[in-house]
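Hello,

Here is the structure we talked about, with the sequence alongside. Please have it open while you read; my notes follow below.

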Amino acid sequence: MNYSEALEFIHGVEKFGMVLGLDSIKNLLDRLDRPQDKLKFIHISGTNGKGSTSTFISNILIEAGYSVGLYTSPFLEVFNERIRLNGCNIDDQDLADSVELVKEACQKMLGEGLAHPTEFELVTATAFVYYASKQVDYVVLEVGLGGRYDATNVIDKSLVSAIASISLDHTKVLGDTIDKVAYEKAGIIKKKGQVIMYEQGPEATEVVERVCKEEGANLIISRNSGIEIKKSNLNNQVFDALDYLGNKYEDLKIRMIGRHQTKNALLALNIAAYLMENRLADKLSREAIYSGLLKSKWPGRMEILMDSPLFMIDGAHNLDGAQSLVGEIDRLLGEEWDKILVLGLLADKDVDGIVKILVPRFDRVIVTLPNNPRAMDVEELAYRVGMYCQDIICIEDIGQAVDYSFDLVDRLTRDEKARMHETEKRSKKSKSRQKKVTNENPKKKAIIGAGSLFLVGDIRSHVNRSISDR
């Protein structure tokens, strides 16, 4: 099997959809000699921040000298991003070889009249097979959806079950209240296991505490009150933090934008502190924590692709994510910025809520279409955007939408310079207007691509190609 054949097999099972439950993935892995039993896991669930937290702890362990697998979803640009080893995407042939083994096991299941595993189950099994073959020291395992019935929860035990920020998302599957969602996220908690949780509101906390008590698990809460931010801008953040043991870390530095990322970094730090305290990773050190946090990047999450004009992308695909993005826009991009939003959303999200939060912060909006069958039609999305912004254009093709945003910046800049030049000419005849001209400054320009991660990945690819073509 080659790489193309492997992807064709994986993506070819989309028709089987999403099935909540673990019977199929257990059956599949049993036929593969249970590769998950050969691995040590740090299992991470949550609504927002689980990807960032996974990246932070993965890099901390890598910096300590360990071989580390990182399993995440979805991918932004290439499928291989989902299965990483020591910071690198899985090799094409390694992927093909692992998928071939999974396919053989799958065909045996079908031959016995069993249901076809879903795409996510196949990918999860592929990751386990690959990591077991590489004999990695640790696997940082990000939950795909929920936790309780997610395919990643097929593992019998973990070193740590970590729970990132919990908010409403996928409500048709996980429930329409915080306590229902929290119960699903807490499904990764193992009997007598160790749980480390991002500090939550009381509703989610009570649910996690109850599940921990039922399972006899120990709970550590990563207290965000121990964070003191010293610097936070478009380039990096510097902060002090206390781990759950009371140890102070001064001048921690991360390159991820957004104050919420300091909280995700602290959650990862506390995971590392627990592993060190309980001698589960003897090579871990404070130096590895500092270096791992600094080297961590999480593409598509408040990621700056260009400085001039400023071009940022963010997968603000739910209310909590949109609110975090708006908080950083308000803090970092004030009235001196002319802000353009390239927006595309999936119809099964809380579109009205996201639009209401995001759109009023922008001067202009370009509505486009994410490459996903669940994407909301551009005219329908534009209608909702129109309640908060009048300067809207619909461009279905993502590449054309991005190119238009660049052209718009150029046009705005030219018009601004022309107006200033004309004002300066007139001011020569009036000393009283000279002061106004002297104090007038052109606005800085910012383009932000936000919404669906399927949109953000395509924007990222297009912008990077544009940069390389220059």
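**The contact between the two domains**

About 1500 Å² is buried between domain 1 and domain 2, and carbon and sulfur atoms give 57% of that area. Keep in mind that this is a predicted model.

First, the bounds. The domain assignment of the protein chain puts domain 1 at 3-295. Domain 2 covers 303-469. Taken over C-alpha atoms, the centres of domain 1 and domain 2 are 33 Å apart. Domain 1 brings 17 residues to the contact, and domain 2 brings 20 residues.

Now the residues to look at. Leu76, Glu77 and Leu234 stand out on the domain 1 side. Together they supply 39% of the area that domain 1 buries against domain 2. No other three residues supply more.

Glu77 deserves a second look. Its side chain meets that of Arg460 in a salt bridge, at 2.3 Å from N to O. The count of salt bridges between domain 1 and domain 2 is 1. Polar contacts add to the picture: 6 residue pairs between the two domains are in polar contact, with both residues at pLDDT 80 or more. By class, the side of domain 1 that touches domain 2 has 9 polar, 5 nonpolar and 3 charged residues.

**Cysteines**

How many disulfides does the structure hold? The count is 0. Take Cys389, which is in no disulfide. The nearest cysteine sulfur belongs to Cys394 and lies 12 Å away. A disulfide needs the two sulfur atoms within 2.5 Å, so that distance rules out a disulfide between them.

Is Cys389 buried or exposed? Cys389 has 5% relative accessibility, so it counts as buried, the limit being under 20%. Cys88 has 48% relative accessibility. Exposed starts over 50%, so Cys88 counts as partly exposed.

**Where to start**

I would open the view on Glu77 and Arg460, the salt bridge pair. Then turn to Leu76 and Leu234, which belong to the trio named above. Finish with Cys389 and Cys394.

Best wishes

Terms used: Residues numbered from 1 in each chain as written. Predicted model: local features only at pLDDT ≥ 70, side-chain atom pairs only at ≥ 80, totals over all residues. Heavy atoms only, no water. Domains from an automatic or database assignment. Contact = heavy atoms within 4.5 Å. Buried area = accessible area lost by both parts, 1.4 Å probe. Salt bridge = Lys/Arg side-chain N within 4 Å of Asp/Glu carboxyl O. Polar contact = N/O pair within 3.5 Å; in protein donor to acceptor, adjacent residues only side chain to side chain. Nonpolar A, V, L, I, M, F, W, Y, C, P; charged D, E, K, R; others polar. Buried < 20%, exposed > 50% of the residue type's maximum accessible area, 1.4 Å probe, protein only.
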